[in-house]
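Good morning, and thank you for coming. I should like to speak about one helix and one interface; please look at the structure first.

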Amino acid sequence: MLRDHALTAFSHKSAPLLALALLAGFAASPAGAQSAVAEGQKLAFDRGKGNCLTCHVIKGGDLPGTIGPELKDIKARFPDRNELVAILFDETRRNPQTMMPPFGRNRILTDKEISAIVDFLQTL
Amino acid sequence: MKARISLLLGSLSAALIAFALASPRVVAADKVDPVADAKAFQNFFFQKFPTVKHEDFVNGPYSVNEDMKRQWKEKEEFPPYEFALDAGKEMFSTPFKNGKTYADCFPNGGIGIRQDYPYFDTREGKVVTLELALNRCREANGEAPYSYVKDEMASLTAYMAFTSRGKPMNIKIPDDPRALEAFENGKRYFYSRRGQMNFSCASCHVQSPGERIRAETLAPALGILNAMPIYRSEWAGMGTTSRRFVTCNSQTRAVPLEPQADEYRDVEYFLSYVANGLPISGPGARP
């Protein structure tokens with residue numbers, strides 16, 4: 001599944017560039033950072049993955065639900081990206097009654113996928 | 001597998017119950033008290049939606065959304081469940097091969113009795129739902145049982161609900177420890193988180209009624225079975241209580257149980273009991 005995503009996300013890129021981006025780490029090179037954001041958006045909107053639109057209004061997404069708050073001004077409100085990673089990994093730690101699924105704890109998303117989504121969130 | 005994990009989160013679901021019912025007594029309950037539970041359950045929704053008339057809670061998502069309510073009222077002029085109602089009436093009066101009919105299996109010939117289901121059968125020691133009773137009636141008369149989720153079963157229950165419209169839900173808990181246990185079991189299932197998404201039934205229908213999950217408005221848990229069975233455009237047809245339970249579990253990536261599994265019967269018992277006093281409104285029509 002993860003591999004499928006990587007393939008579709010990068011299919012427009014040449015193989016050597018992909019290898020370079022992977023080697024360099026996503027955040028390190030500007031090209032990598034950009035593709036992580038695109039990948040993060042894709043994961044966030046994908047119904048089989050983040051499916052964040054089920055509950056959140058997110059710029060650029062269709063048919064959002066109303067259960068969670070709109071995701072905007074993220075960088076100002078969460079300057080520390082680790083906080084976002086923690087919310088995505090398991091929001092029940094902050095709020096035991098939350099409806100937000102524990103994406104990391106229950107392995108709906110891998111650490112890498114969560115990191116890509118956080119990159120995307122920081123552009124909102 | 002995950003369902004079991006969520007059962008372990010006892011303290012967590014207790015916290016959710018406390019949140020949901022806003023009644024410390026419920027959490028402290030080492031003694032099962034259905035009367036107090038039902039009262040707290042109803043008050044929670046009455047307070048959350050102070051402008052909704054109490055008897056309106058039986059209209060699912062429409063009760064808590066004005067725009068949808070308008071569309072629904074228009075729809076009721078040509079109700080999409082009419083074909084099922086006609087079919088159900090016809091089936092109900094057609095004798096089995098042995099000459100008997102459904103009427104022979106039920107009190108009052110099966111007319112106007114929907115509000116009494118499910119009931120706790122003290123001989124069997126289990127909850128008996130209307131769907132189950134219908135299939136047992138068929139089998140006792142040498143007929144093959146129907147699928148629990150749609151078609152004939154939905155038609156029959158639609159007709160039986162229709163003849164009971166307006167009658168207040170009237171579920172009894174007999175003086176039998178197993179009946180109390182069934183109620184408690186259903187309640188526990190309803191509030192336990194399960195599946196990869198970690199939702200309980202209450203996450204959606206107690207914590208978030210009236211909110212939209214994608215494009216769908218969530219129905220409040222109070223009176224949520226009074227309109228069963230329902231027509232859904234998404235299903236392009238009718239669905240029973242069994243169908244809705246299975247769908248809610250599988251759509252949220254939890255492993256659904258078999259229709260009429262003991263736990264589903266207990267959930268139905270719990271949800272129907274806490275809706276006591278609210279009128280039967282089935283069959284229903286949904287977007």
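Why is H12(B) largely enclosed by the rest of the structure? Ten of its twelve residues are buried, that is, under 20% relative accessible area with a 1.4 Å probe and protein chains only. Before going further, I note that this is a predicted model, in which local features need pLDDT of at least 70, side-chain atom pairs count only at pLDDT 80 or more, and totals for chains, interfaces and linings use all residues. Residues are numbered from 1 along each chain as its sequence is written, chains are lettered from A and ligands numbered from 1 in the order in which they are written, and side-chain values use heavy atoms, without hydrogens and water.

H12 of chain B covers residues 262-273, helices being DSSP runs of H or I with at least four residues and strands runs of E with at least two, numbered from the N terminus. Among its buried residues are B:Tyr264, B:Phe270 and B:Tyr273. Their packing partners in chain B include helix H4 (34-48), strand E1 (119-121) and helix H9 (177-191).

I turn now to the interface. Chain B contributes 22 residues and chain A 24 to the contact, defined as heavy atoms within 4.5 Å. Across this interface, the rule finds zero salt bridges, meaning a side-chain nitrogen of Lys or Arg within 4 Å of a carboxyl oxygen of Asp or Glu. On the chain B side, helix H2 (10-21), helix H10 (201-205) and strand E3 (212-213) each supply at least two residues, and H2(B) gives the most, with four.

Terms used
Expected span 1.5 Å × (residues − 1). Buried < 20%, exposed > 50% of the residue type's maximum accessible area, 1.4 Å probe, protein only.
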